[in-house]
Amino acid sequence: MRRELILSNLRIELRRKQASYLSEKRAVSLVNDFLQNMSIVHSSQIRTWQKDFFLAEIERNSDRTKDDFLQAKSALTFLFNIVLKKGRGIDVSGYDDENDGDPGVFKITG
(Lines give C-alpha, C1' and ligand atoms only; values in the text may rest on other atoms or scores of the structure.)
Protein backbone atom coordinates (compact mmCIF):
# COMPACT_ATOMS: atom_id res chain seq x y z
CA MET A 1 0.00 0.00 0.00
CA ARG A 2 1.23 3.48 -0.82
CA ARG A 3 2.32 6.08 1.72
CA GLU A 4 -0.98 7.98 1.62
CA LEU A 5 -2.92 4.77 2.24
CA ILE A 6 -0.60 3.81 5.12
CA LEU A 7 -1.26 7.17 6.80
CA SER A 8 -5.00 6.92 6.10
CA ASN A 9 -5.18 3.44 7.62
CA LEU A 10 -3.17 4.68 10.60
CA ARG A 11 -5.74 7.45 11.17
CA ILE A 12 -8.60 4.96 10.87
CA GLU A 13 -7.05 2.56 13.40
CA LEU A 14 -6.24 5.37 15.83
CA ARG A 15 -9.84 6.60 15.65
CA ARG A 16 -11.06 3.04 16.13
CA LYS A 17 -8.97 2.92 19.32
CA GLN A 18 -10.55 6.27 20.31
CA ALA A 19 -7.25 8.11 20.56
CA SER A 20 -7.43 11.82 21.22
CA TYR A 21 -7.02 14.29 18.36
CA LEU A 22 -3.60 15.40 19.60
CA SER A 23 -2.40 11.80 19.93
CA GLU A 24 -3.61 11.05 16.42
CA LYS A 25 -1.96 14.17 15.02
CA ARG A 26 1.36 13.39 16.75
CA ALA A 27 1.37 9.70 15.71
CA VAL A 28 0.61 10.55 12.09
CA SER A 29 3.33 13.20 12.13
CA LEU A 30 5.91 10.77 13.53
CA VAL A 31 4.99 8.00 11.09
CA ASN A 32 5.12 10.48 8.22
CA ASP A 33 8.61 11.55 9.37
CA PHE A 34 9.62 7.89 9.50
CA LEU A 35 8.34 7.23 5.98
CA GLN A 36 10.01 10.35 4.57
CA ASN A 37 13.36 9.84 6.34
CA MET A 38 13.54 6.22 5.18
CA SER A 39 12.37 7.15 1.63
CA ILE A 40 9.50 4.68 1.83
CA VAL A 41 6.80 5.04 -0.80
CA HIS A 42 5.22 1.58 -0.48
CA SER A 43 4.58 -0.74 2.44
CA SER A 44 6.57 -3.54 0.80
CA GLN A 45 9.71 -1.44 1.41
CA ILE A 46 9.27 -1.30 5.19
CA ARG A 47 11.71 -3.38 7.24
CA THR A 48 12.11 -3.74 11.01
CA TRP A 49 15.71 -2.52 10.92
CA GLN A 50 14.43 0.81 9.56
CA LYS A 51 12.27 1.26 12.65
CA ASP A 52 15.25 0.55 14.91
CA PHE A 53 17.47 2.91 12.91
CA PHE A 54 14.89 5.72 13.02
CA LEU A 55 14.43 5.31 16.78
CA ALA A 56 18.20 5.31 17.32
CA GLU A 57 18.46 8.56 15.34
CA ILE A 58 15.77 10.16 17.50
CA GLU A 59 17.50 8.97 20.66
CA ARG A 60 20.86 10.40 19.52
CA ASN A 61 19.37 13.75 18.47
CA SER A 62 20.05 16.30 21.20
CA ASP A 63 17.04 18.41 20.16
CA ARG A 64 14.60 15.61 21.01
CA THR A 65 13.47 14.69 24.52
CA LYS A 66 12.91 11.26 26.01
CA ASP A 67 9.16 11.84 25.57
CA ASP A 68 9.67 12.30 21.82
CA PHE A 69 11.52 9.00 21.70
CA LEU A 70 8.77 7.18 23.61
CA GLN A 71 6.03 8.69 21.43
CA ALA A 72 7.90 7.69 18.26
CA LYS A 73 8.43 4.18 19.58
CA SER A 74 4.75 3.89 20.46
CA ALA A 75 3.59 5.23 17.07
CA LEU A 76 5.89 2.92 15.10
CA THR A 77 4.95 -0.09 17.21
CA PHE A 78 1.28 0.68 16.54
CA LEU A 79 2.05 1.04 12.83
CA PHE A 80 3.87 -2.29 12.63
CA ASN A 81 1.62 -4.33 14.92
CA ILE A 82 -1.83 -2.98 14.09
CA VAL A 83 -1.87 -1.12 10.78
CA LEU A 84 0.51 -3.21 8.67
CA LYS A 85 -0.52 -6.62 10.01
CA LYS A 86 -4.29 -6.19 10.16
CA GLY A 87 -5.54 -8.29 7.28
CA ARG A 88 -3.26 -6.64 4.76
CA GLY A 89 -1.11 -9.70 4.05
CA ILE A 90 2.08 -7.85 4.95
CA ASP A 91 4.57 -9.68 7.14
CA VAL A 92 7.20 -7.36 8.54
CA SER A 93 8.44 -9.75 11.22
CA GLY A 94 10.62 -11.84 8.93
CA TYR A 95 12.27 -8.97 7.07
CA ASP A 96 15.20 -8.27 9.36
CA ASP A 97 17.56 -8.22 6.41
CA GLU A 98 16.93 -8.92 2.75
CA ASN A 99 20.27 -10.66 2.37
CA ASP A 100 19.77 -13.20 5.15
CA GLY A 101 19.64 -16.79 4.02
CA ASP A 102 21.83 -19.42 2.51
CA PRO A 103 24.18 -18.40 -0.27
CA GLY A 104 23.00 -19.49 -3.68
CA VAL A 105 19.35 -19.71 -2.61
CA PHE A 106 16.99 -17.56 -4.63
CA LYS A 107 14.20 -15.97 -2.57
CA ILE A 108 11.24 -14.12 -3.99
CA THR A 109 10.00 -11.42 -1.64
CA GLY A 110 7.15 -9.17 -2.22
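**Figure 1. R15 is exposed, with a relative accessible area of 52%, and takes part in a salt bridge with E24.** The model shown here and in the following views is predicted. The closest N and O atoms of E24 and R15 are 2.9 Å apart. The two partners differ in their exposure: E24 has a relative accessibility of 8% and therefore counts as buried, whereas R15, at 52%, is exposed. This salt bridge is one of four in the structure.

**Figure 2. R16 and E13 form a salt bridge within helix 1.** The closest N and O atoms of this pair lie 2.7 Å apart. Both residues belong to helix 1, where they are separated by three residues, about one turn of the helix. E13 counts as buried because its relative accessibility is 4%, below the 20% limit. R16 has a relative accessible area of 51%, over the 50% limit, and so counts as exposed. The view thus joins a buried acidic side chain to an exposed basic one.

**Figure 3. E57 and R60 meet in a salt bridge within helix 3.** The N to O distance between the two side chains is 2.5 Å. E57 and R60 are three residues apart in helix 3, about one turn of the helix. R60 is exposed, with a relative accessible area of 56%. E57 has a relative accessibility of 37%, which lies between the limits of 20% and 50%, so E57 counts as partly exposed.

**Figure 4. R3 is buried and has no salt bridge.** R3 is found in helix 1, which comprises residues 3-16. Which side chain of opposite charge is nearest to R3, and how far away is it? The nearest is that of E4, at 5.9 Å; a salt bridge requires a separation within 4 Å, and this distance therefore does not qualify. The side chain of R3 instead reaches the backbone oxygen of I40 at 2.7 Å. Apart from neighbours within four places in sequence, R3 is in contact with N32, L35, Q36, S39, I40 and V41. One of these contact residues, S39, is shown again in Figure 7.

**Figure 5. F34 and F54 form an edge-to-face aromatic pair.** The structure holds two aromatic pairs. In the pair shown, formed by F34 and F54, the ring centres are 5.5 Å apart and the planes make an angle of 70 degrees. The pair links distant parts of the chain, with F34 in helix 2 (residues 21-37), F54 in helix 3 (residues 48-60) and their positions 20 residues apart. Both F34 and F54 are buried. Ring pairs also bring in F80, so that F34, F54 and F80 are linked into a cluster.

**Figure 6. Q18 has a positive phi in the loop between helix 1 and helix 2.** Most residues other than glycine have a negative phi. Phi of Q18, a residue other than glycine, is near 60 degrees. Q18 is situated in the loop between helix 1 and helix 2. Is Q18 buried or exposed? Its relative accessible area of 72% is over the 50% limit, and Q18 is therefore exposed.

**Figure 7. S39 has a positive phi in the loop between helix 2 and helix 3.** Phi of S39 is near 55 degrees, a positive value in a residue that is not glycine. The loop that holds S39 connects helix 2 with helix 3. S39 is exposed, with a relative accessible area of 56%. S39 is also among the residues in contact with R3, which is itself buried.

**Figure 8. The chain as a whole contains four helices and zero strands.** From the N terminus on, the elements run α-α-α-α. The chain has 110 residues, of which 34% count as buried. Among contacts in the chain with a separation of 6 or more, 60% involve residues 24 or more positions apart. The chain exposes about 7,200 Å², and carbon and sulfur atoms supply 48% of this area.

Methods
Residues are numbered from 1 along each chain as its sequence is written. This is a predicted model: local features need pLDDT of at least 70, side-chain atom pairs count only at pLDDT 80 or more; totals for chains, interfaces and linings use all residues. Side-chain values use heavy atoms; hydrogens and water are left out. Helices (H or I, at least four residues) and strands (E, at least two) are DSSP runs, numbered from the N terminus. Buried means under 20% relative accessible area, exposed over 50%, partly exposed in between (1.4 Å probe, protein chains only). A polar contact is a pair of N or O atoms within 3.5 Å; within protein, one must be able to donate a hydrogen and the other to accept it, and residues adjacent in sequence count only if both atoms are side-chain atoms. Contact means heavy atoms within 4.5 Å. Accessible areas come from the Shrake-Rupley method with a 1.4 Å probe; for residues, only the protein chains shown count as cover. Rings of Phe, Tyr and Trp (its six-membered ring) pair if their centres lie within 6.5 Å; planes under 30 degrees apart count as stacked, over 60 as edge-to-face and the rest as tilted.
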